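Visitor: Before we go through the details, could you show me the sequence and the structure together, so that I can follow along?

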Amino acid sequence: MQVKQLSSVQGRRASCVRDRLDGGDTEGEYTLLRNRVSKLAAATAAGAMLMAAAACGGSDTKGETTANASSAPDAAKGKVGLAYDIGGRGDQSFNDAAAAGLDKAKDEFGLGTKDLSAAPGETDAQKEERLRLLASTGYNPIIAVGFAYSAAMKKVAAEFPDVKFAIVDDADATGPNISNLVFAEEQGSFLVGAAAALKSKKGSIGYIGGVKVPLIQKFEAGYVAGAKAVKPDIKIQVKYLSEPPEFTGFNDPAKGKTTAQGMLDAGADVIYQAAGGSGGGVFEAVKGADAMAIGVDSDQALTADKAVSDVIITSMLKKVDVAVYDFLKNFVAGDVKSGEARYDLKAGGVDFSTTGGKIDDIKTQLDEYKQKIVNGEITVSATP
Amino acid sequence: MSTFLDRVFGRVRLDGVMAFVAPALAVVFALLVTSVVLLIAGHAPVDAFTTLVEYGAQPRVLVLLVNLGTTYFLAAVAVAIGFRMNLFNIGVDGQYRLAALIAASVGGAGLVPGALNIVLVVLVAMLVGALWASIAAVLKATRGVSEVISTIMLNAIATGLTGWLLTADRLGVLNGNAIGTPPIPEDAHMPGMALIPGTPMKINGFLIVAIIVGIGYAVLLNRTRFGFNLRATGQSEPAAVASGVNVKRMVITAMVISGAAAGLIGMPELLGSSFEYSLNFPTGLGFTGIAIALLGRNNAVGMALGALLWAFLDSSSDALQLMDISKELVDIMKGVIVLSVIIAYELVHRYQVVAAQRRVSHELAAPAEKEGAAA
């Protein structure tokens, strides 16, 4: 009733008719009524769900699957479960490389596969549940793509000792049934850094990273070291498109384009991008300025948009597809090794591409550097 | 007359049977729209809903739902405190992230032992959240800056600030490819509760905190003078001023309380699960909170149910994908549910107004004619 007093202060007519029309502002009933409404909402929701459940009872063939969610696979063996980080299949980058390895193994060994994508900003518990769901519905082996799964994998792998797990880009989650597929991104980046320095006419190059996280900084570290090995006084511009927890930098071609434009205006003539889906924008800017670009992860002279792919002189190959395929091949052969499988230059896990013949003139020099890294003559730091 | 916003935020309530019709309408409508979407995509809706319900009923998933719901509920309460006085704290997102990062560093430093550390971490988080929110509050009270604009901008600044702080030479520790604050010592982990049988997984201890916060919220708003002033300011600022409410002070107090509540959002994850603020720390919870506050119409019980529903939808994405149904269906369902709740309440409210008008005119007309006029 206090509200009614306020209303009269405000000069509103507080007749009983008006009160009724307003739906009644009586405060006393408030909590009780709202509680009843909310309870009803829950009851209705549950009721509707139940009706839906009951209605399907006759026609639903898998009506008995109460314990296992959804259609459980028929066989317990040879069903590969793969969990992506944010982005999932179709990001034309990291996740797609994993998908390529999965698809290849699927065709070759006749494996059943299922891949699940993550949602942005989820908790570790949700990642755990994704792996648990796969493991408990009979998927084996299970591959997690991305270091974000580290903590989740460690926990879930311990709960399912009979299931083989693999995690890409993480060496922290260790266990008797976990294979860690890690890459020496800095070594491959060293070589394309050297290529950039050798190819640059102005002695000025650029690096564009997607998101400033340690993983992407490995690319920067290698690139800068490689360029400086060739030309110690080279000018290198380094920029990241976003800072964590903002992960848009991996999927913002427009920002990639303006950032690259800025570098080109400041004198750079070779730009290396490790920015996932933003890379297309970088290539566009480079194409407009008639400069050179270096691709990342896959051979982007082949995979990038045809309109811009001719500016790509080389790409730093990070063979996630090979790592995933190898793991599955070993699984089929019953020969899975737990622990770290390091895909470096020596193992052919990282490399540079020569598609288009644009770096044929410097290939011997690059091969020399490659040999030195493989021999251990040059050690490339993973931090900038 | 009440405004549309008054009705959306649950400041105006429905009478009698109508109060039951609105949520029922919303649920039926949401199920219908989702079914149509499923049919268009070539899936059997009944199968999909059955699988989701079966999935959600597993003990392991129930634990996940309750834990996720706890976090979502805290986010909704933080948002709702502002909503009830027409204060749109869009900055809950930045407030909880900054609070969690700084609280995690303080906790990781292990300044005090055991349970005291838990208390310290929570207090630091609430303090940081309140301070960050107070920037927008002071700007609004002194310069009249819209809190919507300032909090959105403060979100972006919080993102930049946490990014800058979470580097190896500041608060972060490099850990393989991940970077995070030093882990909080084991004696300061919030103990879990094994409430749900059939799974070794435990309910986060912060469920109790969330329940206390929910009760506190309801009591504060409905049973205290401050709560009355807050609601009155939300309903009619001139009326509140006329009755002696210091609106500027209300703005600052409400915003600070909202920010302090926002500081709690990250705590279940930080003290009950991850024990560090890393690149993996959940983001966007502030915006989830806005949706749930709308869904629960700023009522504590309503928001609790909304939080559980939201948690259920969020975790059903994997079960959907196993059935080869796109996970985007979850986003469609969320959007449809929020819209249906708003539309259903508005429709029922309007129907009620018209019905009441009819009844009144009927009553007024009655004495004029001996037999009464037909409606």
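Visitor: How many bridges join strand β1 of chain A to β2(A)?

Guide: This is a predicted model, and in it strand β1, residues 79–83 of chain A, runs parallel to β2(A). One point of register to look for is A83(A), which stands opposite L116(A) in β2(A). The number of bridges that join β1(A) to β2(A) is 5.

Visitor: Which strands of chain A are the edge strands of the open sheet of 6 strands?

Guide: The sheet has parallel pairing and the order β2-β1-β3-β4-β5-β11 in chain A. An edge strand here pairs on one side only. From one strand to the next the twist averages 20°. The edge strands are β2 (112–116) and β11 (339–343) of chain A.

Visitor: Is strand β9 of chain A largely enclosed or exposed?

Guide: A residue counts as buried if 20 or more other C-beta atoms lie within 10 Å of its own. In β9, residues 292–297 of chain A, 6 of the 6 residues are buried, so the rest of the structure surrounds this strand, and the description that fits is largely enclosed.

Visitor: Through which helix does the chain cross from β8(A) to β9(A)?

Guide: Strand β8, residues 270–274 of chain A, pairs with β9(A) in the parallel sense over 3 bridges, and I271(A) stands opposite A293(A) in β9(A). The β-α-β crossover between these two strands is right-handed, and its helix is α10 (residues 279–288) of chain A.

Visitor: What is the bridge partner of D297(A) in β10(A)?

Guide: Strand β10, residues 312–318 of chain A, pairs with β9(A) in the parallel sense, and 5 bridges connect the two. Within β10(A), the bridge partner of D297(A) is L317(A).

Visitor: Over which residues of chain A does pLDDT stay under 50?

Guide: Chain A has a mean pLDDT of 81, and 80% of its residues reach 70 or more. The stretch with pLDDT under 50 has 119 contacts beyond four places in sequence in the model, and this stretch is residues 1–76.

Visitor: What radius of gyration does chain B have, and why does it agree with a compact globule?

Guide: Chain B comes to 15 helices and 2 strands, and buried residues make up 52% of its 375 residues. Its C-alpha atoms fill a box of roughly 85 × 60 × 35 Å along the principal axes. Because a compact globule with 375 residues would have a radius of gyration near 21 Å, the value for chain B agrees with that expectation, at 23 Å.

Conventions:
Residues are numbered from 1 along each chain as its sequence is written. Chains are lettered from A and ligands numbered from 1 in the order in which they are written. This is a predicted model: local features need pLDDT of at least 70, side-chain atom pairs count only at pLDDT 80 or more; totals for chains, interfaces and linings use all residues. Two strands pair if DSSP finds at least two bridges between them. Helices (H or I, at least four residues) and strands (E, at least two) are DSSP runs, numbered from the N terminus. Axes are lines fitted to C-alpha atoms, for helices over the stretch in contact, and angles run from 0 to 180 degrees between N-to-C directions. pLDDT is the predictor's confidence in each residue, from 0 to 100. Two residues are in contact if their C-beta atoms, placed from the backbone, lie within 7 Å. A residue is buried if 20 or more other C-beta atoms lie within 10 Å of its own, exposed if 12 or fewer, and partly exposed in between; C-beta atoms are placed from the backbone. A crossover is right-handed if, with the strands pointing away from the viewer, the path from the first strand over the helix to the second runs clockwise. The radius of gyration is taken over C-alpha atoms; the globule rule is 2.2 Å times the number of residues to the power 0.38.
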